[in-house]
Amino acid sequence: MDENVRTGMAGGETREGQAYDDYANFGVEEIRELLEKKQYTRLRRIVEELNDADIADYMEEMEEEEVIRIFRILPKDTAADVFSCLELDRQQSIITSLSDKDAGRIIDNMMSDDAKELMEEMPANVVKRLIANTSADTRKAINHLMRYPEDSAGSIMTVEYMDLKENQTVSQAINRIRKVGVDSETINICYVLDNKRTLVGTVALRYLLLSDPDAVIRDIMHRNVVSLHTLMDQEEVARQFKKYEFTAMPVVDNEDRLVGIITMDDVVDILEEETTEDIEKMAAVMPSDKPYLRMTVFDAYKKRIPWLLLLMISATFTGSIITSFENELSRYVVLTAFIPMLMDTGGNAGGQASAIIIRGISLEEIEFGDWLLVIWKEIRTAVLCGLTLSVCNFARLMIFDHVGVQVAFVVCITLLMAVIVAKMVGSTLPMIAKKIGLDPAVMASPFITTIVDAISLLIYFRVAEIVLGI
């Protein structure tokens, strides 16, 4: 919930008038001491005054048996709020250790989206047992959310929202908020529905408090409602939040009926998930929903080996190129020493370009129609970078490596051309991937590096043939 119902006093004061600073030094050891002394009433009173996220942090450091004892003495609302703040693997271990009744009590008091996420990660037999011990409303809400495709707005929304009827008066609306608002994800914005549950407007709580009690909701509501569709991809959901800067947005179905809301905390989770997925793809790793420490060795193996096999096979092209120029290399063996440097520099240049373009595509700063502008900018950037690298490298070769001028010229010309080609490849492949419906992150450093390596070698040997006459 966006309000701390239990401790929402100004200036950090508790409901008993004590300053929150009294608990500033309260931590894991103090909780353990109270547990050992079986001072459960005092522990319950103190823990209730702490922030839910702080309690969850303490629990992450405690033994499972200690955590379960705390959950059993907490009020059901507090227990559910704290439980939602825990890491998913910790939630799973706790929920399976509690009795069916206690577990059902916690799930009943969780927000529906959090409960649904937990259910998705639990074994089927455990889910069946847990669902059987929850209320009919909870089962209905979880099953409703599970109907929608993964990573869609419908799958991450919550069905706990504050809705009002357009023909209600302000007084009636405030009475409804007082009655059911405590179970809503947020009450800052109330969603106005007609008799068919079609979303027709919104009204902020502050307007209700400042309006005439006899005013009708339809007369004071905001009619220009920005909503999300249940099938909208979660990345687009995040973009909509960024665009409109809302803290919550309604989700509607094909008939514009309100079915749920998405709040900013859900968007933070989306951004973390999508960023993690992009980083994994850019590192040539199949995306995984599991935290690193929860993955088995075989899980890690399955996520990494497909790309490693593909990149290994594709890298054989570079070996074939070197083999085909074996005779030429035998006449100028010194050329072999510079192959790693040329390949690495080209790969790094391509990786820089691809990372910037992929990020631009993700933020919708770059579209496929901008490809000419992108290529022209990258070519100019590549020329500047390539010339700087070539001049520095030429000086190094002449002063420290004492190679011939012709060999140094071959290496530096290749370096310049390799950087130019790498920047062009690194900038165009992600845009092409996006255009044909692939994730641009797939066309990241490992894949681009393999392509650039092969092209750099071809350029190297061709320049050597021309300059050295081999």
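# Reading a three-stranded sheet and its surroundings

Guide: An open sheet of three strands in this predicted model has the order E4-E5-E6, with mixed pairing. The edge strands are E4 and E6, each of which pairs on one side only.

Visitor: In which sense does each pair of strands run, parallel or antiparallel?

Guide: Strands of a sheet pair through backbone hydrogen bonds, and the pairing is either parallel or antiparallel. In this sheet, strand E4 (residues 228-229) joins E5 in the parallel sense over two bridges. E5 and strand E6 (residues 258-263) pair in the antiparallel sense, over five bridges.

Visitor: Which residues stand opposite each other in these pairs?

Guide: Between E4 and E5, His229 stands opposite Val252. Between E5 and E6, Met249 stands opposite Ile262.

Visitor: How should the two faces of E5 be read, as covered or as open?

Guide: In a regular strand the side chains alternate between the two faces of the sheet. In E5, one side carries Ala248, Pro250 and Val252, the other carries Met249 and Val251, and all of these are buried. The strand, residues 248-252, is thus mostly covered, with five of its five residues buried.

Visitor: What is noteworthy about the backbone between E5 and E6?

Guide: The hairpin of E5 and E6 has five residues between the strands, and within it Asp256 takes a positive phi near 60°. Asp256 is a residue other than glycine with such a positive value. Asp256 counts as partly exposed because its relative accessibility is 44%, between the cut-offs of 20% and 50%.

Visitor: Which residue in the loop before E5 also has a positive phi?

Guide: Glu245 does, with phi near 60° in a residue other than glycine. Glu245 lies in the loop between helix H15 (234-244) and E5. Its relative accessible area is 69%, so Glu245 is exposed.

Visitor: Turning to helices, which residues of H6 are buried?

Guide: An α-helix has 3.6 residues a turn, so residues three or four places apart point the same way. In helix H6 (residues 88-97), the buried residues are Leu88, Arg90, Gln91, Gln92, Ile94 and Ile95.

Visitor: What covers the buried residues of H6?

Guide: The cover includes helix H3 (52-60), helix H4 (64-73) and helix H5 (76-85), together with helix H7 (100-108), helix H8 (112-121) and helix H9 (124-132).

Visitor: Is Asp102 buried or exposed, and where is its place?

Guide: Asp102 has its place in helix H7. Asp102 counts as buried because its relative accessibility is 18%, under the 20% cut-off. The C-alpha atoms of Asp102 and Leu130 are separated by 9.9 Å, although these residues are 28 residues apart along the chain.

Visitor: How does Cys190 in strand E2 compare with its surroundings; what is it in contact with?

Guide: Cys190 is placed in strand E2 (residues 189-193). With a relative accessibility of 0%, Cys190 counts as buried. Leaving aside neighbours within four places in sequence, Cys190 is in contact with Met162, Leu164, Ile177, Gly201, Thr202, Val203 and Leu208. The C-alpha atoms of Cys190 and Val28, which are 162 residues apart along the chain, are separated by 39 Å.

Visitor: How many helices and strands does the protein chain have, and is the chain spread out or compact?

Guide: The protein chain has 22 helices and six strands. Its radius of gyration is 30 Å, well over the 23 Å that the globule rule gives for 470 residues, so the chain is more spread out than a compact globule. The C-alpha atoms fill a box of roughly 90 × 60 × 45 Å along the principal axes.

Visitor: What do the contacts and the burial of the protein chain add to this picture?

Guide: Buried residues make up 46% of the 470 residues. Of the contacts between residues at least 6 apart in sequence, 68% join residues at least 24 apart.

Visitor: What may be said of the accessible surface and the charges of the protein chain?

Guide: The accessible surface comes to about 24900 Å², and 56% of it belongs to carbon and sulfur atoms. The protein chain has 48 positive and 75 negative side chains, and the centres of the two sets lie 4 Å apart.

Note on methods: Residues numbered from 1 in each chain as written. Predicted model: local features only at pLDDT ≥ 70, side-chain atom pairs only at ≥ 80, totals over all residues. Heavy atoms only, no water. Buried < 20%, exposed > 50% of the residue type's maximum accessible area, 1.4 Å probe, protein only. Helix = DSSP H or I, 4+ residues; strand = E, 2+ residues; numbered from the N terminus. Pairing = 2+ DSSP bridges. Rg over C-alpha atoms; globule rule 2.2 N^0.38 Å. Contact = heavy atoms within 4.5 Å. Areas by Shrake-Rupley, 256 points an atom, 1.4 Å probe, with all protein chains shown as cover. Lys, Arg positive; Asp, Glu negative; His and termini not counted. Charge placed at Lys NZ, Arg CZ, Asp CG, Glu CD.
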